[in-house]
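Colleague: Could you take me through this structure, please? I should like to begin with the open spaces in it.

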Amino acid sequence: MEDIKEKNENKDSVMNSSRKYILLQNKTTVACENDKCYLNGGECKKSDGSSMTESESKERVEKFKLEFYNNFLQKHYKNLVILAAAGTSMDNGNNKGKNRSGLWNDCKDEIQKIKTSFSENEKLKNIIDSKDIEALLSYLMLLEKTDENNEEKLASNRKELEKIIKESCNLNLDSNAPHKDFLNKITARKNNDARVQLFTTNYDTLFEQAANTAGFVVIDGFSFTQPREFSGKWFDLDIVNRENTRLKQEESFISKVFHLYKLHGSVNWTKNEKEGKEIIIQENNSEKPLVIYPANEKYESSYEQPYFEMMSRFQQALRKEETLLIVIGFGFQDKHIKNVIVEAVEQNPSFQLLIVNYNDKEGISPENLKEFFDDPNNWKVKRNVNIVFDTFKNFTKNYPENKTYYLKEREDESIQS
């Protein structure tokens, strides 16, 4: 085996744009540059002191990541919280979800019509040239409120964009998607541990579809009666086996149950009326899905139900002791969500954060992550922050299985049979 030399010389004292960082912990950095691999700034070499080949360096980087996953994720965390965003939907095989730039491309024909209709509006032209879907929707909403002469036309343009976005997020789970394996791995926990809480900003129902195909019970804030009606009280319930219940809580524990919180709404949510009151229900093929579209108003909307309930639960979850938050596919552009995570990093001493960061730059991008660094110039993150460059699919593949849990599951099955 090669001898990995760990040099703690301050070779990373200046951010080197050509060096791609793959793993960041408070006292550890793993990076690659061309055909070389670096640990804590020192080049990794073979046992004879010679440099590794490019393939050997890549293999060493992957080995570092795997060692990190095995060591870090097999520790015991009383509370496990997941924040999944667009990056998880983009790993849906041939039926990929869209990030902001993807949504822009889907809307480009409609956007060109808007540009032509309002060609004299210089600010609108500049926003369109920047290809920022959130800025565009925000500005259209502003114009809708202030331009009385074009209010109807602007509302029609905005609604057409929202319709395209909704259709782009109406996804079917691909057979090669990692969602089902991911759910199986994260829920394999001790009987006396809290239920896994999965928060997502995605509108699609990929996690629900994965749960259905894998036999999960999802506690999502909606009643178990038809139509399924939203109330925050449903999050306080659990599923237990009364027949096996005795004195100890773990004897009534039912596996494959998790909590799902959709922070920005869902394509299968809609508003309805019941006894003169407005209610929120689940409905397939909703004509007017209840979602927070990517615009500045989403911060205001997050204080309305059901979004306020979801955000409150997220904040409560991150304030609990011994909590691990895994963030996957999230760009940290939503300030109301980012601020809650930053607060947990700074205020909760037993809190741990793992950011699975993937982009087209072949390494960790510090953009939008500066609050999680003690010393960004030296790529030093805060003591309870861990960042790894990986896809959702590869992260799921390398997420270590809880062998103790699976052994107990088999024992229970043999007893019952």
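Modeller: A term is needed before we start. A pocket is an open set of grid points, where the grid covers the protein atoms alone, with protein on both sides within 12 Å along at least five of seven lines. Please keep in mind that this is a predicted model.

Colleague: How much space lies in the largest pocket?

Modeller: The largest pocket holds about 1400 Å³ of space. Its lining is made up of 50 residues, and those closest to the centre are Ala86, Asn99, Arg100, Gly329 and Gly331.

Colleague: Which helices and strands supply at least two residues each to that lining?

Modeller: Helix α2 (86-89), helix α3 and strand β14 (352-357) each do so.

Colleague: And how many residues of each class are in the lining of the largest pocket?

Modeller: There are 20 nonpolar, 17 polar and 13 charged residues in the lining of the largest pocket.

Colleague: You mentioned α3. Where does helix α3 bend?

Modeller: Helix α3 covers residues 100-117, and the bend is at Lys108, by about 65 degrees.

Colleague: Which residues of α3 are buried?

Modeller: The buried residues in α3 are Gly102, Leu103, Trp104, Cys107, Glu110, Ile111 and Ile114. In an α-helix there are 3.6 residues a turn, so residues three or four places apart point the same way.

Colleague: What covers the buried residues of α3?

Modeller: Their cover includes three helices: α4 (122-130), α5 (133-146) and α6 (151-168).

Colleague: Let us change topic. How many cavities of 30 Å³ or more does the structure hold?

Modeller: The structure has two cavities of that kind. The volume of the largest cavity is about 70 Å³, while the second largest cavity contains about 30 Å³ of space.

Colleague: What lines the largest cavity?

Modeller: Among the residues lining the largest cavity are Thr187, Arg189, Lys190, Asp193, Phe253 and Lys256. By class, the lining of the largest cavity has five charged, four nonpolar and two polar residues.

Colleague: Which helix gives the most to the lining of the second largest cavity?

Modeller: That is α8, with three residues. Helix α8 (206-213) and strand β8 (257-262) each supply at least two residues of the lining of the second largest cavity. The residues around the second largest cavity include Leu206, Phe207, Glu208, Leu260 and Lys262.

Colleague: Now for a single residue. Is Asn398 buried or exposed?

Modeller: Asn398 has a relative accessible area of 18%. Buried means under 20%, so Asn398 counts as buried.

Colleague: Where does Asn398 lie, and what is Asn398 in contact with?

Modeller: Asn398 lies in helix α12, which covers residues 392-398. Setting aside neighbours within four places in sequence, Asn398 is in contact with Leu66, Tyr69 and Lys185. In addition, the C-alpha atoms of Asn398 and Asn70 are separated by 8.3 Å, although these residues are 328 residues apart along the chain.

Colleague: What about contacts between distant parts of the sequence in the protein as a whole?

Modeller: Among contacts between residues at least 6 apart in sequence, 72% join residues at least 24 apart.

Colleague: Finally, how many helices and strands does the protein have, and what area does the protein expose?

Modeller: The protein has 13 helices and 17 strands. About 21900 Å² is exposed, and carbon and sulfur atoms supply 43% of that area. Of the 417 residues of the protein, 50% count as buried.

Methods. Residues are numbered from 1 along each chain as its sequence is written. This is a predicted model: local features need pLDDT of at least 70, side-chain atom pairs count only at pLDDT 80 or more; totals for chains, interfaces and linings use all residues. Side-chain values use heavy atoms; hydrogens and water are left out. The bend at a residue is the angle between axes fitted to the seven residues ending there and the seven starting there. Helices (H or I, at least four residues) and strands (E, at least two) are DSSP runs, numbered from the N terminus. Buried means under 20% relative accessible area, exposed over 50%, partly exposed in between (1.4 Å probe, protein chains only). Contact means heavy atoms within 4.5 Å. Accessible areas come from the Shrake-Rupley method with a 1.4 Å probe; for residues, only the protein chains shown count as cover. On a 1 Å grid over the protein atoms alone, a cavity is a set of points where a 1.4 Å probe fits but cannot get out, and a pocket is an open set with protein on both sides within 12 Å along at least five of seven lines; lining residues have an atom within 4 Å of a point. Grid points are joined across faces, edges and corners, and a volume is the space filled by probe spheres set on the points. Ala, Val, Leu, Ile, Met, Phe, Trp, Tyr, Cys and Pro count as nonpolar, Asp, Glu, Lys and Arg as charged, and the others, Gly among them, as polar.
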